[in-house]
Amino acid sequence: QKKHDLFKPWGVKCVEATGDFRQDTWLEKHIGGPLYEKQADLPRLPVPTIQDTLERFLPTAIPLAETDEERETLLQAVQKFPSQAQTLQQRLEQRAVDYKDSSWLQHWWNTAGYLQVRDSVVINVSYYFDFCDDPSANNNIQRGAAMLTAAAEFRQQICSGSYQADHVGRGDRKKPLCSTMYKYMFHACRVPLDKEDTYRIYDPALHHHAIVARKGHFFKVDFCDPVSGEPLPLSLLQRTLERCIEKADQLEAGTSPNLPKLGWLTGQHRDDCAKGRAALLEYGGEPMKQALEVLESGALLLCLDDEDVVSRKESALLYLHGGMTSGQNRWFDKSIQICVGNNGKAGYNGEHSMMDGMPVISLADHLTKQTYAKCLENSTSDELPMGEPTVEPIFTPDLYPAMEQAAHLVQDAKTAHAEWTGKHSLNVQTFQGYGSTFMKQSGFSPDAFVQMAMQLATYRLWGKQAGTYEATQVRPFLHGRTETTRAVTEQSA
């Protein structure tokens, strides 16, 4: 192994992040490699002047004024704002000094925007991807094994720091992007607490397992070599997933069908999630604490859902929240959830609090490009160097009494999930008329074209201009995440 491919032990089993990127920066220096080598050179997020703020704000706000009176009131408020905002501006500038080795915005963003938010992460926070089909994978075993193989490959690069840092632009305009969010990708889990959650990331040198969920049962499985991080042989991974399905069937047929499915506890109001977790720890003691740590420390969660989805709408609902059929087969606090149906259709559900979609797109790109056929082609041997698959139920029979004590909490969470998801409808529309090539040939930026389409759609829906926006990444700056670009202007309106 090359030196930079090895996982450097952190010296601690786990880091509990509280939303301030500065607390975890030591990990980037410790891990090193191409992924983090540009971090120290990144510029800091500037504090815009009051005048600059107003010059950017006013053109996006005026089109939203519905009457002359509203417009005049807005203009007067803008005129008064500079004198009113002096103290606030000084505080912002001082905060930038206090956060000189970071971003003045990130701590607020991570906490007030995510970890302190008490709404359910389901729909409100977590997002989904619908992966393209893999024609070479006929079922969940083959697709799941290919996903684990690809995930192990990507994990090896991220956790060792050997992954090349992201860039934006070309040629002389090429700029490195901040890599800080990659730390929260693998072996990561949000932890529900009263009033404000935390986020745990576990040392990949000590933890090299994945979690597989089937019918609401969770299993610890080996999926990569503990030292090199290389994925285990494809045939072994397939047999591992077969065993997970067999064991889940056995548990369902045995004494545990009536046991509460703990995954429901992770999809409700965050304070209720915290109460559920506290109750489990109270009822189950140290064995329950260890079981939860096994689940939290898994590199990722592979959800083998016992259903076949065909349409884009069915797939979207499965990946977004699982509904009442597969909602139990989730642990919504896990940073990575890969969902695979019986027929091999696959998607992704991502916990959003410490990691945005752009780094995950790199992961998703790798997951979808590494097809089952490619894994089969690259498989060097059918030998099973580790013997039979290691498949261990996380919630073992000694924890059943504690789980039964929590049955009323699980039922409440299940009811809340049904009510919450039932309040939403989702339709997926694919447009095949033309794409970016036509937009460019017509003289438009595809991004601007789509933003105008969104504004037109909202106008047709509500009969008036609405404040549409697009997310913009702020990763050219150290510890940048995303920001809101207000796309409405007087010209577009």
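**Entry 1: the largest cavity**

I looked up the largest cavity and found a volume of about 130 Å³. I note at the outset that the model is predicted. In total, the structure holds five cavities of 30 Å³ or more.

I then asked which residues lie nearest the centre of the largest cavity. They are Pro192, Thr266, Arg277, Trp331 and Asp333, and they belong to a lining of 16 residues. Two elements give two or more residues to this lining, namely strand S5 (188-191) and helix H8 (270-297). The largest share comes from H8, with seven residues. I sorted the lining by class and recorded ten nonpolar, two polar and four charged residues.

**Entry 2: the second largest cavity**

I turned next to the second largest cavity, for which the volume is about 100 Å³. Its lining includes the aromatic residues Trp10, Tyr36, Tyr182, Phe186 and Tyr202. Ile31, Ile158, Cys159, Lys183, His187 and Pro204 also line this cavity. By class I entered nine nonpolar residues, one polar residue and one charged residue.

**Entry 3: an aromatic pair**

Tyr182, noted above in the lining of the second largest cavity, led me to the aromatic pairs. The structure holds 15 of them. In one, the rings of Tyr163 and Tyr182 have their centres 5.7 Å apart. Their planes stand at 50°, so I recorded the pair as tilted; planes count as stacked under 30 degrees and as edge-to-face over 60.

Where in the chain do Tyr163 and Tyr182 lie? Tyr163 is in the loop between helix H6 (140-160) and strand S3 (167-168), while Tyr182 is in the loop between strand S4 (175-176) and S5. The pair therefore ties together parts that are 19 residues apart in sequence.

**Entry 4: helices H2 and H3**

I examined how helix H2 (residues 50-61) packs with helix H3 (residues 68-84). The angle is about 170° and the axes are 10 Å apart. Angles over 145 degrees count as roughly antiparallel, and H2 and H3 are therefore roughly antiparallel to each other.

I listed the residues on each side of the contact. H2 contributes Ile50, Leu54, Phe57, Leu58 and Ala61, and these meet Leu74, Leu75, Val78, Phe81 and Pro82 in H3. I asked how the residues of this contact divide by class. The count is ten nonpolar, no polar and no charged.

**Entry 5: the largest pocket**

H2 came up again when I looked up the largest pocket, since I wished to know which elements line this pocket. The volume of the largest pocket is about 1,100 Å³. I counted 30 lining residues, of which Pro48, Thr53, Arg56, Glu483 and Thr484 lie nearest the centre. The elements giving two or more residues are H2, helix H4 (86-98) and strand S14 (482-486). H2 supplies the largest share, eight residues. By class, the lining of the pocket has 18 nonpolar, eight polar and four charged residues.

How values were computed:
Residues are numbered from 1 along each chain as its sequence is written. This is a predicted model: local features need pLDDT of at least 70, side-chain atom pairs count only at pLDDT 80 or more; totals for chains, interfaces and linings use all residues. Side-chain values use heavy atoms; hydrogens and water are left out. On a 1 Å grid over the protein atoms alone, a cavity is a set of points where a 1.4 Å probe fits but cannot get out, and a pocket is an open set with protein on both sides within 12 Å along at least five of seven lines; lining residues have an atom within 4 Å of a point. Grid points are joined across faces, edges and corners, and a volume is the space filled by probe spheres set on the points. Helices (H or I, at least four residues) and strands (E, at least two) are DSSP runs, numbered from the N terminus. Ala, Val, Leu, Ile, Met, Phe, Trp, Tyr, Cys and Pro count as nonpolar, Asp, Glu, Lys and Arg as charged, and the others, Gly among them, as polar. Axes are lines fitted to C-alpha atoms, for helices over the stretch in contact, and angles run from 0 to 180 degrees between N-to-C directions. Angles under 35 degrees count as roughly parallel, over 145 as roughly antiparallel, 65 to 115 as roughly perpendicular and the rest as oblique. Contact means heavy atoms within 4.5 Å. Rings of Phe, Tyr and Trp (its six-membered ring) pair if their centres lie within 6.5 Å; planes under 30 degrees apart count as stacked, over 60 as edge-to-face and the rest as tilted.
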